[in-house]
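This briefing covers three local features of the structure shown below. Each topic has its own set of points.

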Amino acid sequence: MNFRSTSGRGRLSLLRLSGVVLLSTLLSTSACAASTQQPDSFTHADTLRGTNGPARSWWDVTFYDLHVAVSPETESIRGWNAITYRVIEPGQEMQIDLQLPLEVDSIVQGGRRLTHRRDGNAFFVELAKTQATGDLNTVSVYYHGAPRVAVNPPWDGGFIWQRDGAGDRWAATANQGLGASVWWPTKDLQSEEPDSQRIAITVPDPMVNVSNGRLRSTTPNGDGTTTYEWFVSEPINNYSITVSAGSYAHWSEEFAGESGPLTLDFWPLAENEAAARRQWTQVRTTMQCFEHWFGPFPWYDDGYKMIETPHLGMEHQSAIAYGNGYQNGYLGRDLSGTGHGLTWDFIVVHESAHEWWGNNITSADIAENWIHEGFANYAENLYIECTTGDKTAGSEYVIGTRAGITNNSPIVGSFGVNNSGPGDMYAKGGNLLHMIRQLVDDDDRWRAILRGLNETFWHQTVTGSQVEGYMSEMSGIDLSPVFDQYLRTTQIPVLEYRAADGGVEVRWSNVVTDFVMPVRVHLVDGTWGWVRPTTEWSRVTAPLASDFEVDARFYVEAQPGG
């Protein structure tokens, strides 16, 4: 027989674990997976940043009241943040994060200045008031300085200071991974979200500042500055909090969504309003497609905004940052190499998908940010399918993105040290999800799983084990070996085959212990059928086509075995 892959690169992949009885809870790690974790060197500062340590774990943020004056002329900021928190258990030392070179002027509780010490980017505060379990208390941090300037935002982020095409000042923030503490004092832990937040930003006239949530007030200060007060009424991850200040045009629309009228607000630079009115029509189709697949937009109370920024893009909750130049593709390129990626605006679609995957459902540790990026990558595939009505086009797109996968390290990073997974979490995560859809083999059930994730973990931070366990339980398939293989190793399963007694035998190699994974192959009648290899050689009983193919939607490698 002539064995070949329909992927063009010998890569095809996953399983449909039919007939497997499912446990309702599954561990997200295993001994074999843990052994693949690459050793890294982490510092004391990494541990302070990434761990819910003893100076953090006893208190829970309920509200941030952030006030910041932005000075583009000196590229500096000054402000204060009042942190309201609930005492979970008694504690007197509090860790508050603020990154160098910013400086704390004072920390106050109940009108009393508190003693504090600095340990790199963390401040440890000695509280004078007794912290009794269940109490709601507030501590205020006053600070100033020139925040870190973004080098390559949003990946190497911080504050961005630029001028637009008309020569007007333009400032923004982008700090995912690096952390919100690069520009404001906070409990900089991804698992920690306030129930609500005020963001009051003062900028020089005639700049306009746009932040998250709803604009509550605009206050001229009589000194050539204006304060824009925004309010987020729902939980928000702190890397989403944003400053976007410039010479903006603005218009509003209304979208008839699943949960009623949803306000859509658009904030392009004034010089680009005409281009924005043309390009940002894609927001409506994006909302239609994603509400269909993922459920209602998660932030009806705070609305949806698209804001032009001096960096490429970021999923700032209810305030999407856009810098794609009003063109389709990713800066005019198709990341899949198929042509499908040039029919829509990458930043509009990908960053909007994060409102569900990353903002509604937020990974508790950035080590598992594949939950954000893998699902957002997969959403691009669904957007193509939705707008074209062509499942094949969507599938071709996500398969095409495999060209960017390096498999240099597992896509789950190291825990407790603020270590995100590598870039593979985008395309490899998207291909993993696309393959799981094949295993489920029921589009109605698959859609129910995606919507169910957003409903079950509505406005929550989650662990990978919660997401993985939910998907296994709702699909009726034990997906744990699949998640271990693709999330926690760099190994791509190899489907080995050999002729035997006039037939064919197959097995999996290059896999985790006890790996089992059915895969679809081409049958003699031209249809696709399942074979169920294990790590031991087994005979294929299905009537295979003479020109044997493995379905390209499965991300595995196939090769002759001995």
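Outside the four places on either side in sequence, Asp-97 is in contact with Arg-56, Asn-121, Ala-122, Ser-181, Trp-184, Pro-185, Thr-186, Lys-187 and Asp-188. The model is a predicted one. The points below take up Asp-97, then a helix, then a sheet.

**Asp-97**
- Asp-97 belongs to strand S4, which covers residues 93-97.
- Its relative accessible area is 2%, so Asp-97 counts as buried, the cut-off being under 20%.
- Two of the residues in contact with Asp-97 are also reached by its side chain in ways that can be specified: the side chain of Arg-56 makes a polar contact with that of Asp-97 at 2.8 Å, and the backbone nitrogen of Asp-188 lies 2.9 Å from the Asp-97 side chain.

**Helix H10**
- Helix H10 runs over residues 464-475, twelve residues in total.
- The end C-alpha atoms of H10 are 16 Å apart, which agrees with the 16 Å expected at 1.5 Å a residue.
- Buried residues in H10 are Gly-464, Val-467, Glu-468, Gly-469, Tyr-470, Met-471, Ser-472 and Ser-475.
- These buried residues pack against helices H6 (370-388), H8 (424-440), H9 (443-456) and H11 (480-488), and against strand S23 (460-462).
- Gly-476 follows H10 and has a positive phi, near 75°.

**Four-stranded sheet**
- An open sheet with mixed pairing is formed by four strands in the order S28-S25-S24-S30.
- Strands S28 (538-539) and S30 (557-560) are at the edges, each pairing on one side only.
- S25 (residues 503-509) pairs with S28 in the antiparallel sense, over two bridges.
- Opposite Glu-505 stands Arg-539 of S28.

Notes. Residues are numbered from 1 along each chain as its sequence is written. This is a predicted model: local features need pLDDT of at least 70, side-chain atom pairs count only at pLDDT 80 or more; totals for chains, interfaces and linings use all residues. Side-chain values use heavy atoms; hydrogens and water are left out. Buried means under 20% relative accessible area, exposed over 50%, partly exposed in between (1.4 Å probe, protein chains only). A polar contact is a pair of N or O atoms within 3.5 Å; within protein, one must be able to donate a hydrogen and the other to accept it, and residues adjacent in sequence count only if both atoms are side-chain atoms. Contact means heavy atoms within 4.5 Å. The expected span of a helix is 1.5 Å times one less than its number of residues. Two strands pair if DSSP finds at least two bridges between them.
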